[in-house]
Every structure is written in structure tokens, then in C-alpha cells.
Amino acid sequence: MQRNKGSSSSSSGRRDTERGLEASLLQLFDLHDQNSSKLREQTEKAKKEALKAAIRVSDLLVDRVDGGVQQCFANEKRIEHEIRAVTGAITRYAKQTDQWLAASHAINSALKEIGDFENWMKVMDYDCRSITSAIHAIHKA
């Protein structure tokens, strides 16, 4: 009977050991699950932080590029405005130059006419003197 007791005590020891191993194994599984959950949470948190940082960097880059583009656009508008102003000034100066040319041409024409009139007067004076000389010569003879 002692054998039965011995075998039953060794069976119960074995069962206790199996239960202890099973409890240890379950504890290891639970610990593994907890660690896995913590690691997943940390990974997810790190992923969200990395995504936020990437979005921030992207926003900063876009702002920087947009700032340059906006400056170029403002410069382009200012240059276009200046071009319009210069074009208007050139058009006004061209009209004024045309007016000056027309006025100088008119003055030149008037001077030519005065010159022609002066020449006609000299010819008339010469003709009148010639006629007067001829009349004096006829009258004396």
C-alpha cells in the first residue's frame, strides 16, 4: 500500500509540477502578450509622432517654397507695372517727338517761303530798277 501512496504522492508531485509549469507558461504568455501590447502601442505612438513630424516638415517646406513663389509673383507684377509705365512714357515721348518734327518741318517750310519771297522781292527790285533806268534813259534821250 505504500507503493500506492508513493506512486500517488509522486503522481501528485508530478501534477503539482505540471501545474506549476503550466502556471509559469501561462504567466510567460501573459507577460509576452503584455510586452507585445506595449511594443505595439509604442510603435503606434512612434508612427503617429513620425507622421506628425513629416507633416510639419512638409508644411515648412511648402511654406518656404510658397514664400519664394509669392515673392516671384509680386516681383513679376511689379515688373509688369513698370513695363506698362515705361511703355506709356515711350508712347508719349514718341508723340511729342512727332509733334516737334512737324513743327520744325513747318518752320523750315515757312523759312523757305520767306526765302522765296525775299528772292522774289530782289527780282522785283531788280526788274523795277531796270525799268526805272530804261524809263530815265528814254526820258533823257
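This report walks through the overall form, the surface and the salt bridges of a predicted model.

## Overall form

Let's begin with the fold. The chain has one helix and zero strands. That helix, α1, covers residues 2-140, so it helps to picture the model as a rod when reading the dimensions below.

Along the principal axes, the C-alpha atoms fill a box of roughly 205 × 15 × 10 Å. The radius of gyration tells a matching story: the chain has 60 Å, whereas a compact globule of 141 residues would have a value near 14 Å.

## Burial and surface

With such a form, how much of the chain is buried? Buried residues make up 1% of the 141 residues. The exposed area of the chain comes to about 13200 Å², and 60% of it is supplied by carbon and sulfur atoms.

One nonpolar patch is worth a visit on your display. Leu25, Leu26, Leu28, Phe29 and Leu31 form this patch on the surface, and together they have about 500 Å² of accessible area. Phe29 lies in helix α1. Its relative accessible area is 48%, and because partly exposed covers values between 20% and 50%, Phe29 falls in that class.

## Charges

Turning to the charged side chains, the chain has 22 positive and 20 negative ones. The centres of the two sets lie 11 Å apart.

## Salt bridges

How many salt bridges does a search of the whole structure find? The search finds two, and each can be followed along the helix.

In one of them, Arg84 pairs with Glu80, with 3.9 Å between the closest N and O atoms. A salt bridge requires the nitrogen to be within 4 Å of the carboxyl oxygen, so this pair meets the cut-off. Arg84 and Glu80 are four residues apart in helix α1, which means that about one helical turn separates them. The two partners sit in different accessibility classes: Arg84 is exposed, at 57% relative accessible area, while Glu80 is partly exposed, at 27%.

The other salt bridge joins Asp125 and Arg129, whose closest N and O atoms are 3.1 Å apart. Here too the partners are in helix α1 and four residues apart, about one turn of the helix. Asp125 is partly exposed, with a relative accessible area of 37%, and Arg129 is exposed, with 54%.

Note on methods: Residues are numbered from 1 along each chain as its sequence is written. This is a predicted model: local features need pLDDT of at least 70, side-chain atom pairs count only at pLDDT 80 or more; totals for chains, interfaces and linings use all residues. Side-chain values use heavy atoms; hydrogens and water are left out. Helices (H or I, at least four residues) and strands (E, at least two) are DSSP runs, numbered from the N terminus. The radius of gyration is taken over C-alpha atoms; the globule rule is 2.2 Å times the number of residues to the power 0.38. Buried means under 20% relative accessible area, exposed over 50%, partly exposed in between (1.4 Å probe, protein chains only). Accessible areas come from the Shrake-Rupley method with a 1.4 Å probe; for residues, only the protein chains shown count as cover. Lys and Arg count as positive and Asp and Glu as negative; His and the chain ends are not counted. The place of a charge is taken as NZ of Lys, CZ of Arg, CG of Asp or CD of Glu. Patches are made of residues with over 30% relative accessible area and no salt bridge: like charges are joined within 9 Å, nonpolar side chains (Val, Leu, Ile, Met, Phe, Trp, Tyr) within 5 Å. A salt bridge is a side-chain nitrogen of Lys or Arg within 4 Å of a carboxyl oxygen of Asp or Glu.
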